[in-house]
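Reader: Could you walk me through this one while I have it open? I'd like to start with the inside and then move outwards.

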Amino acid sequence: MAKEVKLLGFWPSPFAIKPKIALHLKSVDYEYIEETLQSKSDLLLKTNPVYKKIPVLLHHNKPICESLNIDEYIDEAFPSTPSILPAEPYDRAIQRFWAAYIDEWFPTFREVALAQSEEVRAAAIEKVKEGLSLLEDAFVKCSKGKPFFSGDNIGYLDIALGSYLGWLYVYEKLSNINALNKEETPSLLTWAERFSAADAVKDYIPEVDKLMEFAKIIMPRFKAAASN
């Protein structure tokens with residue numbers, strides 16, 4: 001019997017990791033369909049004709065696209081506890097704001113890795129540090145002294161940032177930088193360790209060595225695109 005929930009994803013993608021964690025938190029049984037870099041499946045093109053990208057969630061064969069949008073849908077469609085988004089409208093709005101910011105900011109790590117001059121590299125590192133400083137402050141304010149952005153349990157903003165942790169560690173190695181550290185981001189450093197060890201997360205964050213091998217394949221493509 002076909003499962004009522006299906007997820008189209010690609011293992012290295014932080015955007016595919018987000019709904020995997022959300023579905024795990026909600027204890028939703030689903031079928032995972034792995035896409036490839038080489039060619040996009042007919043199912044992907046049919047279910048996301050606008051962006052033609054993963055992830056796509058299929059619920060009763062109805063497609064939902066874009067990772068953050070999918071996580072919100074999962075929270076609403078499967079109202080069992082734990083909730084992914086906070087109960088208070090203001091808290092929900094704040095978490096949505098920072099989640100959108102993270103998606104816009106994280107590519108600055110790639111800018112550091114691809115920098116062709118020290119001047120460009122220094123400017124990109126400054127953007128990385130600025131974002132980390134803002135997120136360190138956001139964690140302190142959102143967590144209110146508790147273990148996660150969402151309080152006692154992993155929630156929307158934890159997933160939004162945590163899905164990138166594997167790539168953050170890869171870019172640290174590629175660029176020889178120490179993004180998370182005790183001096184500048186002590187709260188985020190502790191949070192990252194706690195988040196990565198959680199049962200709902202640990203099976204979905206790819207191993208850094210495996211991601212490094214994948215990075216060796218795709219980084220030349222990014223470099224070529226950047227130089228054009």
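Author: Bearing in mind that this is a predicted model, I would begin with the lining of the largest cavity, which divides into nine nonpolar residues, no polar and no charged ones.

Reader: Which residues line the largest cavity?

Author: The lining is made up of Trp-105, Leu-132, Leu-135, Leu-161, Leu-165, Leu-168, Leu-180, Leu-188 and Trp-191. At least two residues of that lining come from each of H6, helix H8 (165–175) and H9.

Reader: And what volume does the largest cavity have?

Author: Its volume is about 50 Å³, and the structure holds one cavity of 30 Å³ or more.

Reader: Let's take H6, then. How far apart are its end C-alpha atoms?

Author: They are 37 Å apart, and because 26 residues (118–143) at 1.5 Å a residue should span 38 Å, the value agrees with what is expected of helix H6.

Reader: Which residues of H6 are buried?

Author: Ala-124, Val-128, Gly-131, Leu-132, Leu-135, Glu-136, Ala-138, Phe-139, Cys-142 and Ser-143 are the buried residues of H6. Leu-132 and Leu-135 also belong to the cavity lining. As background for reading such a list, an α-helix has 3.6 residues a turn, so residues three or four places apart point the same way.

Reader: What covers them?

Author: The cover over the buried residues of H6 includes helix H4 (89–105), helix H5 (108–114), helix H7 (156–162) and helix H9 (186–197).

Reader: What follows H6?

Author: Lys-144 follows H6, and its phi is positive, near 55°. H8 is likewise followed by a residue with positive phi, Asn-176, also near 55°.

Reader: Since you mention H8, how many of its residues are buried?

Author: Eight of the eleven residues of H8 are buried, which leaves the helix mostly covered. Those residues are Leu-165, Gly-166, Trp-167, Leu-168, Val-170, Tyr-171, Glu-172 and Ser-175, and Leu-165 and Leu-168 are also among the residues that line the largest cavity.

Reader: Switching to the largest pocket, how much space lies in it?

Author: About 1,000 Å³ lies in the largest pocket. Of the 30 residues that line it, Ser-13, Pro-14, Phe-15, Lys-53 and Arg-110 are the closest to its centre. Helix H1 (14–25), helix H3 (67–77), H8 and helix H10 (208–227) are the elements that give two or more residues to the lining.

Reader: Which element gives the most, and how does the lining split by class?

Author: H10 gives the most, with four residues, and by class the lining of the largest pocket has 18 nonpolar, four polar and eight charged residues.

Reader: What does UniProt say about domains here?

Author: The unreviewed UniProt entry places "domain: GST N-terminal" at residues 3–82 and "domain: GST C-terminal" at residues 88–218. In the model, residues 3–82 are 36% helix and 21% strand, with end C-alpha atoms 22 Å apart, whereas residues 88–218 are 69% helix and 0% strand, with end C-alpha atoms 41 Å apart.

Reader: One last residue: where is Tyr-32, and why does it count as partly exposed?

Author: Tyr-32 is found in strand E2 (residues 31–34), and it counts as partly exposed because its relative accessibility is 30%, a value that falls between the cut-offs of 20% for buried and 50% for exposed. Leaving aside its neighbours within four places in sequence, Tyr-32 is in contact with Leu-7, Gly-9, Phe-10, Trp-11 and Lys-20.

Terms used:
Residues are numbered from 1 along each chain as its sequence is written. This is a predicted model: local features need pLDDT of at least 70, side-chain atom pairs count only at pLDDT 80 or more; totals for chains, interfaces and linings use all residues. Side-chain values use heavy atoms; hydrogens and water are left out. The expected span of a helix is 1.5 Å times one less than its number of residues. Buried means under 20% relative accessible area, exposed over 50%, partly exposed in between (1.4 Å probe, protein chains only). Contact means heavy atoms within 4.5 Å. On a 1 Å grid over the protein atoms alone, a cavity is a set of points where a 1.4 Å probe fits but cannot get out, and a pocket is an open set with protein on both sides within 12 Å along at least five of seven lines; lining residues have an atom within 4 Å of a point. Grid points are joined across faces, edges and corners, and a volume is the space filled by probe spheres set on the points. Ala, Val, Leu, Ile, Met, Phe, Trp, Tyr, Cys and Pro count as nonpolar, Asp, Glu, Lys and Arg as charged, and the others, Gly among them, as polar. UniProt positions are given in the numbering used here, feature names are shortened, and annotations may be inferred rather than shown by experiment.
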